[in-house]
Amino acid sequence: MPSRYWKSLNERDRPHDREDHATRLDAEPDGASRRDFLRLAGFSVAGVVASSCSRAPIRHAIPYVAQPDGVVPGRARWYATTCGGCAAGCGLRVKERDGRPIKVEGCPDHPLSAGGVCAVGQAALLSVYDRARFRAPQLRGVASTWAVVDADMRSRLDTIRRGGGGVRVLTSTVHSPSARGAIGRFLDTLPDAAHVEYDEISASAILDAHLVTHGVRALPRHLFERADVIVGVDADFLGPWISPVEFTAGYARRRRQASGPLAWHAQVESRVSLTGGKADLRISMAPDEADALVFDVADIIENGRAGSGAAGMLAERLLAARGRSLVVAGSGDLAMQIRCNRINQALGNYGSTLDLGRPSQQRRGDDRAVARLLQDVRDQRIAALLVSRANPVFDLPGGDVLTTVPLLVSFAERPDETSAAAHVVCPDHSAFEAWGDSEAVAGVASLTQPTVRPLGHTRAFIESLSMWAGAPAPAYELVRRTWRETIFPRQTAVPDFDRFWDATLEAGHAAVSAATTAGAFVPATPNSNRPPAVPDAVHLVLYHKPAMPAGEHSYNPLLHELPDPVTKIVWDNYASIGPGLAAARQITTGDVVRIDTGGQSLELPALVQPGQHDRVVAVALGYGGAMTERFKTIGHHWFQSRPTVGENGRIGANAVRFVRVDDGRRGTTASGVTLTRTGRTHALACTQDHHTLTVPARLAPAGGERWPIVQDIAASDLASSEPGPVESPANLWPEDHPATGHRWGMVIDLHACTGCSACVVGCQIENNVPIAGKDEVRRNREMHWLRLDRYFSEDADGQHMASQPMLCQHCAHAPCETVCPTLATLHSEEGLNQQVYNRCVGTRYCMNNCPYKTRRFNWFEYSRDPGTEHLILNPDVAVRSRGVMEKCTFCVQRIQDAKIEARRLGVPVKDGDVQTACQQSCPAQAITFGDMNDPTSRVAVAARDRRGYTVLEALNVRPSVTYLKVVRQSSVAVAESEHDG
Amino acid sequence: MAEAMPTRMRLPLIDGDKSLAQVTRDVCAPLDRRAGFPWWAAFLLSFSALGVGLVAIGYQMVTGVGVWGENNSVGWAFDITNFVFWIGIGHAGTLISAILFLLRQRWRTSVNRAAEAMTLFAVMCAGIFPIIHVGRPWVAYWLLPYPNFRGSLWINFRSPLAWDAFAISTYFVISATFWYVGLIPDLATIRDRLAPGLRQRIVSFFSLGWDGSGRTWHRYELVYLLLAGLGTPLVLSVHTIVSWDFATSVLPGWHATIFPPYFVAGAIFSGMAMVLTLMIISRAVLDLRDYITSRHIDVMCKLVIATSGMVGLAYITEFFTAAYSGNTYEQFAFLNRAFGPFAWAYWTMVSCNVLIPQVLWFRAVRRRVSAVLVVALLVNVGMWFERFVIIVTSLHRGFLPASWTGYAPTIVEVATLVGSFGLFFTAFLLFCRFIPVIAMAEVKGAMAADRHERSGVSA
């Protein structure tokens, strides 16, 4: 009889179990020898290790890139899913390794995001591993079980059904068909029930304006790639406004293209935004002036009136590009948005650059409905309020009143202001643990699939609602049912649902017919009066930072440490003021000022921002939340270190009190602000312009500071300029690094780069770059391998901003390599400048001798903060210890991966097989990487571009990174060339 | 010596018309008597400073280099400033003992022992910094080439830091040997004066059986001459190599061919100032005014003013080179040095190193010992700032304006600097207690020659 083998004592002591794993090994004689024992011990240990390493694969997941025969430990698998970071609904590919997602990338063929993914979307992966998440449902602040919570909820809801009282589900924009269905079915079981949506970055006025002008309350899809002329009015569309990745991709597509007319972009703005920095013409105007300007432009375009000044020029441009232009405004003012719609209508932009037929679902929020809800709560008409993916107590003005609702249910993933006041907390899965779907733009349906088993006892929002609606079902079934019933019939390409489902799951998204029809223009809309300008009033402009767009992300240290693309400040919000106002009030950066709007006041550190209008104070929203209290302990502590949190124990201060509500709509500007110095100071941590050092004028004349680091070229010179950089003939040293195989190189298009900083977070997660904390950044010890150097310049077209991604240049004649005494930094045969961590003793000479200052030193032991967040670490990249130098490796682990895979398949590495993390994430596709030795590779072709140059070429260090010059279109020059043409 | 021109112009090297026995008694007096209050006070102060430094270094070892104020652009600051400063201080010793010996400058005999000791202690202070400044000091020995099993992994012989390791260790070994060899006859003198006991046995061991015979003297003189010959190039080479730490880089403000002579001149300048400081104090405290006379101080002041001129010339040359080169980065680096945020450090350096030493042109000032002491102290301050200016102002605003930063030292850094002074003075005070501060044998030899010269003229 064959002996029975066992893997663990449990198994051995259990009676014969037929269903147990096949552990019978044949042809073994009876009686265990020492050899047998050892063999068995080894087997059982290996088995235990193997089974504990990885969570069981998700049953219904289908890998996107290649379907493996089985789980291979140490081998990454990729799943297509949809981003849950904001409502933009970008397509993602999630890298799963040994049962845990460790990296997020853009889905290359996604119709909206087109391969890019923003900083927020990538950083949101950390939400899975956040140690502060709710691990179990909470009943009145005490951890409970789902059975108890469900029983409690059912009885409370029954009481409401009998006794009356309103029930509201309050969420941020929900464009998931399944979630909308689940909410609807839940609300149908209750007498007075409604779903209220609102957005922290509101576009309610745009939707309302379309209700007025086109008869449909909808947000048109903006198609920036089709626009020859773009006029933005305080709309940070390359930043957090509506759909950053989609808009950046469209915008940059026009900037990257080699032929065809260049798109022209004018931005009218009061503060300095990412988008304004990128504009060809930037007009700095206070909000009231901008209102008047839009009125004048509308007047000129609609009534054919002759215009002058800025309005006349903009109108002339727009009229010259009828049907190929786009006017967008970020204002929360309905009249302004109506005027924008009328301009776009008059120019024939609906149907070309604005798609109202297949509208966007990325903003559905209705501020007036929220205002009604708040009124209802005040009138005590609401018996129960269920809040999902929103934190209204924190981010709604007057949201405190919601805590008075008799039954407040929160579905928060982690403690926030709303869940703190909630009677019941039913923690939702993170977006990486749950089944879900979305239709961010009509006709673009996509699926969200789990890539990790829920880490705690959390439950999907839609499961909770179905449970309480009396039809419990797992989320997977709910999503599948919704798709079978509502999505599948909207397409005809695949006749079989299962095949359609599988194909969609693999690709992540599917194109289906759009359900909505276009609204017709209502011509009789009356034009309101020209808004009056208030000459001396100081305005308060509330905005959202690209790097920290909403309070819901304020738990995320990756985003707090990500420098704001414009101000380069981390771990704070601040009162941004223009240099003129600062001089008039004798305020310098770091002074704590009190902002007073009459009713409300707030103290914030000031920041003097060149280019900002002098009648404007700008403050970012989304800061000062309870979630940021956790950062009290972040960073390395020693006796002179300062805490990352401010005096209030939090990161920044919450400015939501200034949000003005007019006619139910939330407005983010207020006028008549007073600004007073408090006499105190607050140290802001900035990765650039540390402390108050400024370049004395006699040392660096205006603009001279950035020459020739960032180079630009006039659009008119593009055709006539010399092609590409020529290899410098002078060379003192022998070519002893021939790099005969591959020679990796990179090209970065500065004209396409917007500075959005997605690459920084991509690099940080891919390469296990530690989070240093505010104090270390203040000491200029930020650890980012890839940084975005920001330079301002000024000409007749206003202030421009150039963002230059700066990373290790992998110089062929690297100054760092010769000076390292221990040979810890070397040149590879493939042109890489390599850092050998375990040989590095940390003399820092390499860092001193690096002309680009891209090396990063581990001043302390940064990565020893124990917590579940460590599960996000990439196992392919070493975690560096204290005292060691590190820097960009050109993602050498990815290069090796591609080479191993190519060798396995017996084929050469193809162009495009290796994508660095920064390149992959770039929404603008400004980064190209590849083999410079292959003259046909995309990178080699791009490097020969006539715009190509290398930074600090005169040093002859021969960097492997080529930059493409910024193209400057002077307004005058373009006007002339148009006349010529 | 035979063709040395006897002249009345040369004043006696020591005052007081001492007999040979009296020299021995005077020089050995501090060794014989118990330490007085001034010594104990000075020792406790220095030792406390050393303790502060040790605490600072210990804290830094446990916590990380991050407890210093350095950052991603300014990778070196106080650490390498202190290192170069102390190495520079060490130069005067070798200069006095080796070069002046070869040049037959007999006035050196009164100061060479102390100057050499100072050299050793300064090099010890300097040697601390390259070790503690690295991120992982426990593997700092990887900077040395040694046979190993890491696939026979060698150091990077192209790195100036590797050259540094060689230069400094060589310098320390040669200086220590030279100092010790010069000490042997005096140790024998002490041995002969001591009563039998432990101390006598120790001194006896280190005097290597010196018997004072003609043959011993002959061998001794030969070895001393050879070591002087060996030491002479080191005076030039060590600081030349230290300067290459900067000169071989690509950084504007560092990348300069003038650095080797500039650094050597600066090192001798600072070393002389330190010798002056120590001599002025110890001649007063140890009552050696007859041996270290105002004439000695006068000669050293002249050396100070000569090297001050060289340093000043180097400052001017740097600016000329930057202007003449047409290189905007180079020009910016120097304008930033003189007018940027660290202008105060630059002008402190210029004032202390070039302007203030000019008062030494006046004999009246050179004769006023207190005035000379003030000037010498200021020169030391100035030379410390010279290294600080070179290192920090070049690093904090490099090529890319986006990486421009500031720099401010932390308490730990300042404490480490204080600690290095503590080590230096602790060692020097111990030296004063246990070893004759003046090379007795050499002074006696010089006295003999002196008498011979003068008697020859009068005869």
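User: How many bridges join strand β2 of chain A to β3(A)?

Analyst: This is a predicted model. Strand β2 of chain A covers residues 91–97. β2(A) and β3(A) run antiparallel. A:K95 stands opposite A:K103 in β3(A). The number of bridges joining the two strands is six.

User: Which strands are the edge strands of the open sheet in chain A?

Analyst: Three strands of chain A make up this open sheet, with antiparallel pairing. Their order is β1-β2-β3. An edge strand here pairs on one side only. On average, direction ignored, neighbouring strands are turned by 30 degrees against each other. The edge strands are β1 (76–82) and β3 (100–106) of chain A.

User: Which side chains of strand β23 of chain A point to the buried face?

Analyst: In a regular strand, side chains alternate between the two faces of the sheet. Strand β23 of chain A, residues 591–596, shows this alternation. A:V592, A:R594 and A:D596 point to one face and are not buried. The buried ones, on the other face, are A:D591, A:V593 and A:I595.

User: What is the bridge partner of A:V593 in β29(A)?

Analyst: Strand β29 of chain A spans residues 674–681 and runs antiparallel to β23(A). Five bridges join the two. In β29(A), the partner of A:V593 is A:R677.

User: What is the phi of A:G598, in the turn between β23(A) and β24(A)?

Analyst: β23(A) also pairs with β24(A), residues 601–608, in the antiparallel sense over five bridges. There, A:V593 has A:L604 as its bridge partner. The two strands form a hairpin with four residues between them. In the turn, A:G598 has a positive phi of about 95 degrees.

Methods: Residues numbered from 1 in each chain as written. Chains lettered and ligands numbered in written order. Predicted model: local features only at pLDDT ≥ 70, side-chain atom pairs only at ≥ 80, totals over all residues. Buried ≥ 20, exposed ≤ 12 C-beta atoms within 10 Å, placed from the backbone. Pairing = 2+ DSSP bridges. Axes fitted to C-alpha atoms, helices over the stretch in contact; angles between N-to-C directions.
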